[in-house]
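Student: I'd like to go through this one label by label. Can you show me the reasoning behind each call?

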Amino acid sequence: SDSTVYVLIITSLCFYKTCPFNMEYQECGSPCVDTCSNPERGQLCEEHCSDGCFCPPGTVFDDVNKNGCIALSQCSCRHNGKTYAPGESYSSTCKDW
C-alpha cells in the first residue's frame, strides 16, 4: 500500500494592532486609564484586564488636549473652562460678599 506522509508546517501568526497617538497594544491592560485629570484612576480599578491600546509605563493619557500619552508633569489642567499649560498660573480678584 502506498503510504503518504503529510507534513504540517505551522508558521506563527502575528496580528499587529495599530494604536492611535503613541499608545501601545497590550493583551491585558487595565481598563481604567490614568489620565491628566485623573492620574490615579488605575490604582482604584477593580475591573479585569482587557486587550486594547494603552499608554506606555510612566505616562498618562492627555484627556485635556487629546495629545496621546504624556508624562504627568506635561499635563495641562482646566479651571473655569480655561486650559492652563504646565507651570502656567492665573490670578483672580477676591469677591466681597
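Student: Why is Phe61 called buried?

Tutor: This is a predicted model, and every call here is computed from it. Phe61 has a relative accessibility of 18%, and buried means under 20%, so Phe61 counts as buried.

Student: And what makes Phe21 exposed?

Tutor: Its number is 51%. Exposed means over 50%, so Phe21 falls in that class.

Student: How do you know that the rings of Phe21 and Phe61 form a pair, and what kind is it?

Tutor: A ring pair is described by the distance of the centres and the angle of the planes. For Phe21 and Phe61 the centres are 6.0 Å apart, and the cut-off is within 6.5 Å, so they pair. The planes sit at 65°; over 60 counts as edge-to-face, so that's the name this pair gets. Phe21 is in the segment before β1 and Phe61 in strand β3, 40 residues apart, so the pair links distant parts of the chain. The count of aromatic pairs comes to two.

Student: On to the cysteines. What makes Cys28 and Cys49 a disulfide?

Tutor: Their sulfurs are 1.7 Å apart, and the rule asks for within 2.5 Å, so the two are joined. The torsion about the S-S bond is about -100°, so this disulfide is left-handed. Cys28 belongs to strand β1 (residues 24–29), while Cys49 sits in the loop between β1 and β2 (50–54), so the bond ties together parts 21 residues apart in sequence.

Student: Why are Cys28 and Cys49 both called partly exposed?

Tutor: Cys28 comes out at 48% and Cys49 at 40%. Partly exposed runs between the 20% and 50% limits, so both get that label.

Student: How do you know that Cys36 and Cys75 are bonded?

Tutor: Same test: S to S is 2.0 Å, and the limit is 2.5 Å, so this is a disulfide. With -75° about the S-S bond, the link is left-handed. Cys36 lies in the loop between β1 and β2 and Cys75 in the loop between β4 and β5 (77–79), 39 residues apart. Relative accessibility is 11% for Cys36 and 11% for Cys75; buried is under 20%, so each one is buried.

Student: And what makes Cys55 and Cys69 a disulfide?

Tutor: Here the sulfurs are 2.1 Å apart, within the 2.5 Å limit, so they count. The torsion is about -80°, so the disulfide is left-handed. Cys55 is in the loop between β2 and β3 and Cys69 in strand β4, so the pair ties together parts 14 residues apart. Cys55 has a relative accessible area of 15% and Cys69 one of 5%, so both are buried by the under-20% rule.

Student: How many disulfides are there by this rule, and what is the pairing?

Tutor: The count comes to five. Number the bonded cysteines in sequence order and the pairing reads 1-7, 2-6, 3-5, 4-10, 8-9.

Student: Why does Cys77 have no bond to Cys75?

Tutor: The sulfur of Cys75 is the closest cysteine sulfur to that of Cys77, but the gap is 9.2 Å. The limit is 2.5 Å, so that's too far for a bond. Cys77 is partly exposed, at 45% relative accessibility.

Student: What makes Cys94 exposed?

Tutor: Cys94 comes in at 74%, and over 50% is exposed, so the label follows.

Student: How do you know that Asp63 has no salt bridge?

Tutor: The nearest side chain of opposite charge is Lys66, 6.0 Å away. A salt bridge needs to be within 4 Å, so Asp63 has none, even though Asp63 is buried. Asp63 sits in the loop between β3 (60–61) and β4 (69–70).

Student: What lies around the Asp63 side chain, then?

Tutor: One of its polar atoms is 3.3 Å from the backbone nitrogen of Cys36. Leaving out residues up to four places away in sequence, Asp63 touches Thr35, Cys36 and Ser37.

Student: Last one: why is Ala85 called partly exposed?

Tutor: Its relative accessible area is 36%, between the 20% and 50% limits, so partly exposed is the right class. Ala85 is in the segment after β6 (82–84).

Conventions: Residues numbered from 1 in each chain as written. Predicted model: local features only at pLDDT ≥ 70, side-chain atom pairs only at ≥ 80, totals over all residues. Heavy atoms only, no water. Helix = DSSP H or I, 4+ residues; strand = E, 2+ residues; numbered from the N terminus. Buried < 20%, exposed > 50% of the residue type's maximum accessible area, 1.4 Å probe, protein only. Lys, Arg positive; Asp, Glu negative; His and termini not counted. Polar contact = N/O pair within 3.5 Å; in protein donor to acceptor, adjacent residues only side chain to side chain. Contact = heavy atoms within 4.5 Å. Phe/Tyr/Trp six-rings, centres within 6.5 Å; stacked < 30°, edge-to-face > 60°.
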